[in-house]
Amino acid sequence: FNVSSPTTHHPTSVFVSPLVSQGRSQQDMKAVVLDPTGKPIEAKLIPDGKGGYKVDFMPTIPGDYTTRVYDNKGKLLSEVPIHVSPDNLPLVGATQGKKPQDLRAAVFDPTLR
């Protein structure tokens with residue numbers, strides 16, 4: 001498996017090595033991604049053209065995700081934890097011309113942990 005540094009609201013791919021897939025076809029495997037609350041989210045298993053696969057998904061909240069790949073009999077082939085950081089979009093317009101001491105921010109943990 002290989003993964004870059006994902007952030008929320010950006011497509012994320014986890015690459016599945018040919019060593020994990022061991023010649024299995026796409027129909028012989030299933031990908032499951034669990035969000036930080038343990039809830040399964042939509043994921044697609046896609047051939048990478050090099051004998052491996054990638055698992056594509058869209059993280060919506062920051063935290064620790066888990067990507068699992070199973071064979072068609074339910075046997076776990078691989079499990080990879082992935083940390084997703086918040087998307088740090090710059091605030092444009094509302095903060096222009098403001099002094100830092102005049103700005104306020106509310107911070108919360110979306111996983112409620």
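**Close-up 1. Val32 and its surroundings in strand β2.**
Val32 stands opposite Arg68 in β6. This is a predicted model, so treat the views that follow as views of a prediction. The two strands behind this pair, β2 and β6, run antiparallel and are joined by six bridges. Is β2 enclosed or left open by the rest of the structure? With five of its six residues buried, β2 is largely enclosed.

**Close-up 2. The hairpin of β2 and β3.**
Here β2, residues 29–34, pairs with β3 in the antiparallel sense over two bridges. One pair to look for is Leu34 with its bridge partner in β3, Pro40. Between the two strands of the hairpin sit five residues, and Gly38 takes a positive phi near 90°.

**Close-up 3. The four-stranded sheet.**
Step back from the hairpin and you get an open sheet of four strands, in the order β3-β2-β6-β7, with antiparallel pairing. Which strands stand at the edges? Those are β3 (40–41) and β7 (76–84); each has a single partner strand, so one side of each is left without a neighbour in the sheet.

**Close-up 4. The three-stranded sheet.**
The other view of strand pairing shows an open sheet of three strands, ordered β1-β5-β4 and again paired antiparallel. β1 (12–16) and β4 (43–47) take the edge positions, and because each has a single partner strand, one side of each has no neighbour in the sheet. On average, neighbouring strands of this sheet are turned by 25° against each other, direction ignored.

**Close-up 5. Where β4 meets β5.**
Five bridges join β4 to β5, residues 53–57, and the two run antiparallel. Want a pair to get your bearings? Pro47 has Tyr53 in β5 as its bridge partner.

**Close-up 6. The largest nonpolar core.**
This core has 16 residues, and those with the most contacts inside it are Val16, Leu45, Val55, Phe57, Tyr65 and Ile82. Which elements give two or more residues to this core? They are β1, β2, β5, β6 (63–71) and β7. As background, nonpolar side chains in soluble globular proteins tend to be buried together.

**Close-up 7. Phe57 and its contacts.**
Zoom in on Phe57, one of the core residues with the most contacts inside the core. Leaving aside neighbours within four places in sequence, Phe57 is in contact with His10, Pro11, Thr12 and Val14, among others. The list of contacts also includes Val33, Ile41, Glu42 and Ala43. Tyr65, Thr67 and Ile82 round it off.

Technical notes
Residues are numbered from 1 along each chain as its sequence is written. This is a predicted model: local features need pLDDT of at least 70, side-chain atom pairs count only at pLDDT 80 or more; totals for chains, interfaces and linings use all residues. Side-chain values use heavy atoms; hydrogens and water are left out. Two strands pair if DSSP finds at least two bridges between them. Axes are lines fitted to C-alpha atoms, for helices over the stretch in contact, and angles run from 0 to 180 degrees between N-to-C directions. A nonpolar core is a set of buried Ala, Val, Leu, Ile, Met, Phe, Trp, Tyr and Cys residues joined through side-chain atoms within 4.5 Å. Buried means under 20% relative accessible area, exposed over 50%, partly exposed in between (1.4 Å probe, protein chains only). Contact means heavy atoms within 4.5 Å.
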